[in-house]
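The text below walks through one protein chain, part by part. Keep the sequence and the 3D view at hand while reading.

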Amino acid sequence: MTHGIRTDTHSMYADRRETWRDTAARYALLPLRVFLGITFTYAGLDKLTDSGFMKDAGPGSIGDTMRAVRDSSAIPALVDLALKNPVGFGHGIALAELAVGLGTLVGLLGRLAALGGALISLSLRLTVSWATTPYYYGNDLAYLMAWLPLVLAGAPMLSLDAALRARRRRWTGEYA
């Protein structure tokens, strides 16, 4: 077994000049990440602080909302599951939105946060906004599609994931 000196310890971008297009391409997902992160953080906080939402019944309550969409949803069994404990489900969805939003904003476990956002958007599409016609009036499908690039790419720029990856590379001596 032969051991050699590693010679490829420079960055692959060190020898070229980056154009504004290269920079724009590297940061292209950042506006989407910020928008989705703020939106889902706000949605979670809004639900948690709205006393009318976190009730089994009443105007604007999670319970009444779920009962109203039950018969028109694509998966009524999913709504029935939520209706077993609407307040608990409301807290769960609010905390999930908050975790997804904050994880996306700071870029911690970016792909996992984006997958969580996509699953929330998919579940809302299949339940709450399923009967919306034409389909493009419901925003849950658009949110689902917006999450997919972040599921694929994660949070490669200006994120805790990138900082941790860079730290791990420095620690292990991996630079390529």
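**A walk through the chain**

At a relative accessibility of 41%, Trp130 counts as partly exposed, because that value falls between the 20% limit for buried and the 50% limit for exposed. Trp130 sits in the loop that runs between α6 and α7. Apart from neighbours within four places in sequence, the contacts of Trp130 are Ser72, Ser73, Ala74 and Arg125. One of these, Ser72, is 58 residues away from Trp130 in sequence, yet their C-alpha atoms are 7.0 Å apart in space.

The model is predicted, and its confidence should be considered before going on. The average pLDDT over the chain is 89, and 89% of the residues score at least 70. Residues 6–13 have a pLDDT below 50, and this stretch makes 9 contacts in the model beyond near neighbours in sequence. Where pLDDT is low, predicted coordinates should not be read in detail.

Now the chain as a whole. It has 8 helices and 0 strands, and the pattern read along the sequence is α-α-α-α-α-α-α-α. The chain has 176 residues, of which 30% count as buried. Among contacts in the chain with a separation of 6 or more, 69% are between residues 24 or more positions apart. The chain exposes about 11,200 Å², and carbon and sulfur atoms supply 65% of that area.

Helix α5 is the next stop. How far apart are the end C-alpha atoms of helix α5? The helix covers residues 86–106, which is 21 residues, and at 1.5 Å a residue it should span 30 Å. The end C-alpha atoms are 30 Å apart, so the model agrees with the expected span. Just after α5, Gly107 takes a positive phi of about 70°.

Which residues of α5 are buried? They are Pro86, Gly90, Ile93, Ala94, Glu97, Leu98, Val100, Gly101, Gly103 and Thr104. An α-helix has 3.6 residues a turn, so residues three or four places apart point the same way. The cover over the buried residues of α5 includes α2 (30–49), α3 (62–69), α4 (76–83), α6 and α7 (139–153).

The surface has a nonpolar patch. It is formed by Val106, Leu108, Leu109, Leu112, Leu115, Leu119, Leu122, Leu160 and Leu164, which together have about 780 Å² of accessible area. Two helices, α6 (110–126) and α8 (160–172), each supply at least two residues of the patch. The largest share comes from α6, with 4 residues. Leu122 is found in α6, and Leu122 is partly exposed, with a relative accessible area of 33%. Residues need over 30% relative accessible area to join a patch, so the 33% of Leu122 is enough on that count.

Charged side chains come next. Side chains of opposite charge can pair when their charged atoms come close. How many salt bridges does the structure hold? The structure holds 6 salt bridges. One of them joins the side chains of Asp56 and Arg67, at 3.7 Å from N to O. This pair links distant parts of the chain, 11 residues apart: Asp56 is in the loop between α2 and α3, and Arg67 is in helix α3. Asp56 is partly exposed, with 41% relative accessibility, and Arg67 is also partly exposed, with 38%.

Arg67 takes part in another salt bridge, with Asp64, where the closest N and O atoms are 3.1 Å apart. Asp64 and Arg67 are separated by about one helical turn, because they are 3 residues apart in helix α3. Asp64 counts as partly exposed, at 31% relative accessibility. Asp56, Asp64 and Arg67 are thus linked in a network of salt bridges.

A further salt bridge is formed by Arg70 and Asp71, with the closest N and O atoms 3.2 Å apart. Are these two residues buried or exposed? Arg70 is partly exposed, with a relative accessible area of 26%, while Asp71 is exposed, with 67%.

Notes: Residues numbered from 1 in each chain as written. Predicted model: local features only at pLDDT ≥ 70, side-chain atom pairs only at ≥ 80, totals over all residues. Heavy atoms only, no water. Patch = residues over 30% accessible without salt bridge, like charges linked within 9 Å, V, L, I, M, F, W, Y side chains within 5 Å. Areas by Shrake-Rupley, 256 points an atom, 1.4 Å probe, with all protein chains shown as cover. Salt bridge = Lys/Arg side-chain N within 4 Å of Asp/Glu carboxyl O. Buried < 20%, exposed > 50% of the residue type's maximum accessible area, 1.4 Å probe, protein only. Expected span 1.5 Å × (residues − 1). Contact = heavy atoms within 4.5 Å. pLDDT = per-residue confidence, 0-100.
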